[in-house]
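Reader: I am a first-year student and should be grateful for a close look at a single part of this structure. Would you kindly describe one pair of neighbouring elements in full?

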Amino acid sequence: MPKRQQSSTLRFVRIDLQETPRLFHFPLPVLNLGTVTEESSEFVGRHENQIEFCVRMNSEDNIAVDTVGETVYTNRFPHVFVKHDGPLHKYHYSGMREAFFFIYHASLHDKLVELGVDLNKICWEIPADPRIPELIRSITSLFSRSQESGIADRIDTLCWLLLQELIISGKSAEHPENEQERKIRQIASYLQYHYKEPFEMNRLIAEHGLSRRTFFRYWKHFYSKTPAQLVLDLKMKEARRMLSQHTLSIADIAQELGFIDSAYFISTYRRYYGITPLQFRRKLRF
């Protein structure tokens, strides 16, 4: 059993959800979770039948030192430490430390891996990101209502969202986007959102501080389609959706998608899908 030498200052909250009924069959039900604030503590033990994600938010110590088996891990704060079945885990610290944790049953190992969580990664530092403390506050605000109908379901969902943010933030810190990639993805995001609206590509490129030549050179590194092809794909997919789900006229759909007139929309649609918008709509009715 784990041995913890407790400090003179200890505030520990653990919410047990193991027997709490859920309204939904979410694939990652949280076993238990909580917060801990403690000073001068020592831990020696194993983490059996569980997978714990511990968010160590801050500490009076400069770094955290953990030994798992023969491997020593050092991390600055804030960071994530993942605890699950394996070698003996030891740590000791002398300063005040605050942490938030949530625990899954060990049987969810394969499901977490299937969803993209790398459980071979034991720890990682996370940059200052307001979304992470906001999510933690949202979760802890539900502690006093944990047995009310639907609350455990919300906790399950929020913990999964938190885990995603922790992983994304960690990867962003390890492999930050360079300036060119950041600008290219900003432009791509703009096109995704404004594809129905008229815009000048050269002006958009210049507004992001790029030359046309530099833009297209870097764009190819991240996208297989040109910006024009990307916009056309988005318009054609939306055209098909609107034709199948709306009673709008062909002319109204063309106008909504930013085509100069319905004739140009019809010819573009036919080149793209091999049939006219009207032929597609008739096929849906018979």
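Author: What follows is an account of helices α9 and α10. The model is a predicted one.

Helix α9 has 12 residues. From its first C-alpha to its last it reaches 16 Å, which is close to the 16 Å expected at 1.5 Å a residue. At the start of α9, Asp261 places a side-chain oxygen within 3.2 Å of the backbone nitrogen of Ala263. After the helix comes Gly274, and the phi of Gly274 is positive, near 90°.

Which residues of α9 are buried? They are Phe265, Ser267, Thr268 and Tyr269; here, buried means a relative accessible area under 20%. The elements that cover these buried residues include α7, α8 and α10.

The last of these names leads to the second helix. Helix α10 comprises residues 277–285, and within α10 the residues Pro277, Phe280 and Arg281 are buried. Why do they lie on the same side of α10? The reason is that they cover an arc of only 95° around the axis, which puts them on the same side of the helix.

The cover over the buried residues of α10 includes α7, which spans residues 227–245, α8, which spans residues 250–256, and α9, which spans residues 262–273. The two helices may thus be read together: α10 is among the elements that cover the buried residues of α9, and α9 is among those that cover the buried residues of α10. Helices α7 and α8 appear in the cover of both α9 and α10.

Note on methods. Residues numbered from 1 in each chain as written. Predicted model: local features only at pLDDT ≥ 70, side-chain atom pairs only at ≥ 80, totals over all residues. Heavy atoms only, no water. Buried < 20%, exposed > 50% of the residue type's maximum accessible area, 1.4 Å probe, protein only. Helix = DSSP H or I, 4+ residues; strand = E, 2+ residues; numbered from the N terminus. Arc of directions from axis to C-beta. Contact = heavy atoms within 4.5 Å. Expected span 1.5 Å × (residues − 1). Polar contact = N/O pair within 3.5 Å; in protein donor to acceptor, adjacent residues only side chain to side chain.
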